[in-house]
Amino acid sequence: MSIVSDLFAGEIGVSVKTAVSVLTSYPASAAAFAKIVRGMKNAEQRRVGLAGKGMDVPPLLIVSTTEECNLSCKGCYACEQGRKTGEALSAARVSEVLDEASELGVSIVMLAGGEPLLSQNWLDAMSKHSELLGLVFTNGTLIDESRLEWFAEHRHIIPVLSIEGDAAQTDARRGAGIHMKVNQAMEAMRSSGIPFGAAITVTRQNMGDVLTDDFTCEYLQKGCRLFIYVEYVPVVPGTEPLVLSKADKKRLGDFTDRSAVKHATPFIAFPGNEEPYGGCLAAGRGFVHISAAGGVEPCPFAPFSDVNLKNATLKDALNSALLAKVRENHHLLVEGDGGCALWRNRELLTGLVVQE
Ligand code: SF4
């Protein structure tokens, strides 16, 4: 197993162990998490075995389960990239893909979109894999009684609700009244004893508000037990001034490290400081992205693929020529200001794709 995914898996492992300590206050979830930790150990052994045969399996899969969404947020990376849409994977194929992922040694599956609560196929398939940790990145506006029951039944799957800061900041990007809806969903989950997380898109505009103890304590009180800070990627031309500088990235990393210790709960910066891993973790070094149409891509911010899961196994896809080329050239994906190294170097990527 490459040193990279080894390190990355280690980091993830730490976060999950922290999560287990948190979840002792949620007995029903603690049992599910103990199973995930066992699953992660077994998965790591499978990855090590395959690495010995020259194959790198990333511990993390990021899946855009659908292009559909009930909101239209400003700067939505899913909407703005002009990704080739196509027919979604069938329910049967989705189920097979998660079986293959588990067999290969994947440990965590992030379900995003569009709005992942609009794609039941991936949720149903994920519900059958209690050895995997599922993170559902949802806008939170579709969480009703039946969803609460579903998450209560499948405690290896954690909802992560998107917010942008306070009510004004969230509504400005996501639409009037969305902040209130998200907080109502959080309260419903807290009172139902369902652990959840928050995903906060960090920009130069809101970092002074969301990288504060006041902000995190407010959400800890609301029952939030996982904080994922996602660096803004300027997919909308002209929004580059919102991107974190290198110094801002360091401040974000220091804040999440400090907060994780202070509050004894997972705080993750994404993609965060990739330098310890030798740079960008995309293309299978730490994770890969599966588009709604089944394309296997280096990253959610790199809408390029040369293989599709409609007619290839996940194993074959991870060995795709394009992913290999990105890995071979990752030294060219220079780290710099925030966001995404692949997005920043998309001309290079386009060049690699053309060569394919
Ligand atoms: S909720 Fe997510 S996918 Fe939907 S428009 Fe907003 S950012 Fe895009």
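**Notes on the pockets, strand 4 and threonine 141**

1. Helix 7 is the top contributor to the lining of the second largest pocket, giving three residues. That pocket has a volume of about 330 Å³, and its lining counts 14 residues, with Gln169, Arg173, Thr203, Gln205 and Leu242 nearest the centre. By class, the lining has four nonpolar, seven polar and three charged residues. Please keep in mind while reading that this is a predicted model.

2. Now to the enclosed spaces: the structure holds three cavities of 30 Å³ or more. The largest cavity has a volume of about 620 Å³. Its lining is made by 31 residues, and those nearest the centre are Tyr77, Phe137, Ser162, Arg174 and Thr201. The lining of this largest cavity divides into 20 nonpolar, seven polar and four charged residues.

3. Which elements supply at least two residues each to the lining of the largest cavity? They are helix 3 (77-80), helix 7 (167-174), strand 2 (108-112), strand 3, strand 5 (196-202) and strand 6 (224-231). Helix 7 may be worth a look on your screen, as it is also the element that gives the most to the second largest pocket.

4. Strand 4 deserves its own point. Seven of the seven residues in this strand, residues 157-163, are buried, so the strand is largely enclosed by the rest of the structure. In a regular strand, side chains alternate between the two faces of the sheet. Here Ile157, Pro159, Leu161 and Ile163 point one way, while Ile158, Val160 and Ser162 point the other way. Ser162 is also one of the residues nearest the centre of the largest cavity.

5. What does strand 4 pair with? Strand 3 and strand 4 run parallel and are joined by five bridges. Leucine 135 is found opposite isoleucine 158 of strand 4.

6. Finally, have a look at threonine 141, which sits in the loop between strand 3 (133-138) and helix 6 (145-153). Is this loop residue buried or exposed? Threonine 141 counts as buried because its relative accessibility is 18%, and the cut-off for buried is under 20%.

7. The surroundings of threonine 141 are worth following too. Leaving aside residues up to four places away in sequence, threonine 141 touches Asn70, Leu71, Ile178 and Lys181. Its side chain makes a polar contact of 2.8 Å with the side chain of asparagine 70, although the two residues are 71 residues apart along the chain, with C-alpha atoms separated by 8.6 Å. Another polar contact, of 2.7 Å, joins the side chains of threonine 141 and asparagine 139.

Note on methods:
Residues numbered from 1 in each chain as written. Predicted model: local features only at pLDDT ≥ 70, side-chain atom pairs only at ≥ 80, totals over all residues. Heavy atoms only, no water. Helix = DSSP H or I, 4+ residues; strand = E, 2+ residues; numbered from the N terminus. Buried < 20%, exposed > 50% of the residue type's maximum accessible area, 1.4 Å probe, protein only. Contact = heavy atoms within 4.5 Å. Polar contact = N/O pair within 3.5 Å; in protein donor to acceptor, adjacent residues only side chain to side chain. 1 Å grid on protein atoms, 1.4 Å probe; cavity = no way out; pocket = protein on both sides within 12 Å on 5 of 7 lines; lining within 4 Å. Points joined across faces, edges and corners; volume = space filled by probe spheres on them. Nonpolar A, V, L, I, M, F, W, Y, C, P; charged D, E, K, R; others polar. Pairing = 2+ DSSP bridges.
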